[in-house]
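User: I would like to learn how to read packing, pairing and burial from a model. Please take me through it feature by feature.

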Amino acid sequence: MDVLAARLREISRDRLVLADTAPGFAPVATRAAIAAAGVVIVPFVPEPTSERRARHVLEVIDALGVKPRVFMLATCVDTRQGPTRYLRLLTGAIIKQAQESGVPLLGEIPRAVAVPESSNVGKSVLAFAPKSPASKAYRDAAKGLSTILH
């Protein structure tokens, strides 16, 4: 893992490198990417196990002995009212806990049909449905991150 992390650091020395890793932390590539990263974005879907998984991410980062800047990104956020009120409360609780731990939220990406549809045709949601609420939220999160990093 150390060799791969060193190579990733070398590659990214003068440019932005985005590593989209597999879920979980067993793959060596995922741990190497975290070890080499200056910034880690932790996407989470608001569901009952998200809080535990988000906490685990921070524990893995600590265990690796690295200090990247860490941000949360809520995805598949259901903005409807009614029976999903629980999920909105859960999302709020996860965000609050992250912020209390010093981990800011980059944004909330709403649940949208355009996201899986774009994947089915091999495009990003930004290319597939550029005017969709999900695309706008992703652009806003990217702009926010760009502002923070520059």
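User: At roughly what angle do the axes of H2 and H3 cross?

Analyst: Note that this is a predicted model. Now the general idea. Two packed helices are described by the angle between their axes and the distance between the axes. Here the axes of H2 and H3 cross at roughly 70° and come within 10 Å. An angle from 65 to 115 degrees counts as roughly perpendicular, so H2 is roughly perpendicular to H3. On the H2 side, Arg 31, Ile 34 and Ala 35 make the contact. On the H3 side, Val 60, Ile 61 and Leu 64 do.

User: Next, the sheet. What is the strand order, and is the pairing parallel or antiparallel?

Analyst: Strands of a sheet pair through backbone hydrogen bonds, either parallel or antiparallel. This sheet is open and has 3 strands, in the order E1-E2-E3, with parallel pairing. E1 and E3 (105-110) are the edge strands. Each has a single partner strand, so one side of each has no neighbour in the sheet. On average, neighbouring strands are turned by 20° against each other, direction ignored.

User: How many bridges join E2 to E3?

Analyst: There are 4, and the two strands run parallel. For one residue pair, look at Met 72: its bridge partner in E3 is Leu 105.

User: Which helix lies across E1, E2 and E3?

Analyst: H7 does, running at about 170° to E3.

User: Now the interior. Which residues of the largest nonpolar core touch the most other members?

Analyst: In soluble globular proteins, nonpolar side chains tend to be buried together. The largest nonpolar core here has 21 residues. Val 40, Val 42, Phe 44, Ile 61, Val 70 and Met 72 touch the most other members. Two strands give two or more residues each to this core: E1 (39-44) and E2 (69-77). So do three helices: H2 (28-36), H3 (50-64) and H4 (85-100). Apart from it lies another core, of 8 residues, including Ile 109, Ala 134, Ala 137 and Leu 145.

User: What is Phe 44 in contact with, leaving aside neighbours within four places in sequence?

Analyst: Its partners are Ser 50, Met 72, Leu 73, Ala 74, Thr 75, Ile 94, Ile 95 and Leu 105.

User: Let us turn to charges. How many salt bridges does the structure hold?

Analyst: Side chains of opposite charge can pair when their charged atoms come close. This structure holds 2 salt bridges. One links Glu 10 with Arg 7, with the closest N and O atoms 2.9 Å apart. The other links Lys 136 with Asp 140, with the closest N and O atoms 2.7 Å apart.

User: Where do these pairs lie along their helices?

Analyst: Glu 10 and Arg 7 are 3 residues apart in helix H1 (residues 2-11), so about one helical turn separates them. Lys 136 and Asp 140 are 4 residues apart in H7 (residues 133-149), again about one turn.

User: How does Glu 10 count for exposure, and how do Arg 7, Lys 136 and Asp 140?

Analyst: Glu 10 is partly exposed at 44% relative accessibility. Arg 7 is partly exposed too, at 43%. Lys 136 has a relative accessible area of 46% and is partly exposed. Asp 140 is partly exposed at 36%.

User: And Ser 135: buried or exposed?

Analyst: Buried means under 20% relative accessible area. Ser 135 has 0% relative accessibility, so Ser 135 counts as buried. Ser 135 is found in helix H7. Beyond neighbours within four places in sequence, Ser 135 is in contact with Val 125, Leu 126, Ala 129 and Pro 130.

Methods:
Residues are numbered from 1 along each chain as its sequence is written. This is a predicted model: local features need pLDDT of at least 70, side-chain atom pairs count only at pLDDT 80 or more; totals for chains, interfaces and linings use all residues. Side-chain values use heavy atoms; hydrogens and water are left out. A nonpolar core is a set of buried Ala, Val, Leu, Ile, Met, Phe, Trp, Tyr and Cys residues joined through side-chain atoms within 4.5 Å. Buried means under 20% relative accessible area, exposed over 50%, partly exposed in between (1.4 Å probe, protein chains only). Contact means heavy atoms within 4.5 Å. A salt bridge is a side-chain nitrogen of Lys or Arg within 4 Å of a carboxyl oxygen of Asp or Glu. Two strands pair if DSSP finds at least two bridges between them. Axes are lines fitted to C-alpha atoms, for helices over the stretch in contact, and angles run from 0 to 180 degrees between N-to-C directions. Angles under 35 degrees count as roughly parallel, over 145 as roughly antiparallel, 65 to 115 as roughly perpendicular and the rest as oblique.
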